[in-house]
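The following exercises are to be worked with the sequence and the coordinates at hand. Each task is followed by a solution in steps.

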Amino acid sequence: MTTHQEPTPRPPHQVLDGTDIARVVTRIAHEIVERAKGAEDVVLLGIHTRGVHLARRLHGRLAQITGREIPLGTLDITMYRDDLRLKPARALEHTEIPPGGIDGKLVILVDDVLFSGRTIRAALDALNDIGRPRAVQLAVLVDRGHRELPIRADYVGKNLPTSLREAVQVRLADTDGVDAVLVGDRDHAARSLQAMASQPTEPHLPE
């Protein structure tokens, strides 16, 4: 009788480093200027948390390219999520809309990873309560696929095909001390912790 043995979870491996991420942000900024005819009516809104940091970087690149300050704001979607009742309570973040508002503007939402599309749906609902933009576009660092809603990104740093058992980790220097994108099996960390817990504790010897 043979027993089925699950494959060993794959540890995270790096697919983008700091140089790659900087190059991606610069490329997306140039694409925005080209598609938005100079980005004169563009408003950037970063989705908390890492989308905010990416939006700030895009804001800096756009200022270098256009010589103008593009309006920049932040968007908290916590109360608009459709899984709010299924997950532990989380602290509300700060939504900050630029002084000129978003009415009649081209709003570009910025996020780190596009997955099911539910985060972006929540962001669109949040925008609906704030104003009426001329159009809304989406810029993401990584598109990993597996959409559950008819949502796509207009600007993509990297298309990264993944399986549902994999997790994509975006690390940014602003919050994590380093810029990187990692992909690994979702349950690798959990199994590693279980393995450590099952090992007998050895007495600590002074060094």
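**Exercise 1: The strands around E8**

Task. Determine which residue of E8 is the bridge partner of arginine 171, and describe how E8 pairs with strands E7 and E1.

Solution. The model is a predicted one.
Step 1. Arginine 171 has alanine 180 as its bridge partner in E8.
Step 2. This bridge concerns strand E7 (residues 166-171), which runs antiparallel to E8 and is joined to E8 by six bridges.
Step 3. Strand E1 (residues 13-16) also pairs with E8 in the antiparallel sense, over three bridges. Here glutamine 14 is matched with leucine 182 of E8.
Step 4. As for cover, six of the six residues of E8 (residues 180-185) are buried.

**Exercise 2: The geometry of helix H1**

Task. Compare the expected span of helix H1 with the distance between its end C-alpha atoms, then examine its two ends and its buried residues.

Solution.
Step 1. Helix H1 comprises 18 residues, 18-35. The expected span is 1.5 Å times one less than the number of residues, which for H1 comes to 26 Å.
Step 2. The end C-alpha atoms of H1 are 26 Å apart, so the model agrees with the expected span.
Step 3. At the start of H1, the backbone nitrogen of threonine 19 lies within 3.1 Å of a side-chain oxygen of aspartate 17. Just after H1, lysine 37 adopts a positive phi of about 55°.
Step 4. The buried residues of H1 are Ile21, Val24, Val25, Ile28, Ala29, Ile32 and Val33. An α-helix has 3.6 residues a turn, so residues three or four places apart point the same way.

**Exercise 3: Salt bridges across the sequence**

Task. For the salt bridges of arginine 35, arginine 57 and glutamate 148, identify the partner and the elements that are tied together.

Solution. Side chains of opposite charge can pair when their charged atoms come close. The cut-off between nitrogen and carboxyl oxygen is 4 Å, and the count for the model is 12 salt bridges.
Step 1. Arginine 35 pairs with aspartate 154, with the closest N and O atoms 3.8 Å apart. Arginine 35 belongs to helix H1 and aspartate 154 to the loop between strands E5 (135-143) and E6 (155-159), so the pair ties together parts 119 residues apart in sequence. Arginine 35 is partly exposed, at a relative accessible area of 43%. A network of salt bridges links Arg35, Arg152 and Asp154.
Step 2. Arginine 57 pairs with aspartate 174, with the closest N and O atoms 2.7 Å apart. Since arginine 57 is in helix H2 (residues 50-66) and aspartate 174 in helix H4 (residues 173-176), the pair ties together parts 117 residues apart in sequence. Aspartate 174 is partly exposed, with a relative accessible area of 44%.
Step 3. Glutamate 148 pairs with arginine 118, and their closest N and O atoms are 2.6 Å apart. Glutamate 148 lies in the loop between E5 and E6 and arginine 118 in helix H3 (residues 118-128), so the pair ties together parts 30 residues apart in sequence. Arginine 118 counts as partly exposed, at 31% relative accessibility.

**Exercise 4: The chain as a whole**

Task. State the secondary structure of the chain, its order, and the extent of burial and exposed area.

Solution.
Step 1. The chain has five helices and eight strands, in the order β-α-β-α-β-β-α-β-β-β-α-β-α.
Step 2. Of its 207 residues, 40% count as buried. The chain exposes about 12,300 Å², of which carbon and sulfur atoms supply 52%.
Step 3. Among contacts between residues at least 6 apart in sequence, 70% join residues at least 24 apart.

Methods:
Residues are numbered from 1 along each chain as its sequence is written. This is a predicted model: local features need pLDDT of at least 70, side-chain atom pairs count only at pLDDT 80 or more; totals for chains, interfaces and linings use all residues. Side-chain values use heavy atoms; hydrogens and water are left out. Helices (H or I, at least four residues) and strands (E, at least two) are DSSP runs, numbered from the N terminus. Buried means under 20% relative accessible area, exposed over 50%, partly exposed in between (1.4 Å probe, protein chains only). A polar contact is a pair of N or O atoms within 3.5 Å; within protein, one must be able to donate a hydrogen and the other to accept it, and residues adjacent in sequence count only if both atoms are side-chain atoms. Two strands pair if DSSP finds at least two bridges between them. Contact means heavy atoms within 4.5 Å. Accessible areas come from the Shrake-Rupley method with a 1.4 Å probe; for residues, only the protein chains shown count as cover. A salt bridge is a side-chain nitrogen of Lys or Arg within 4 Å of a carboxyl oxygen of Asp or Glu.
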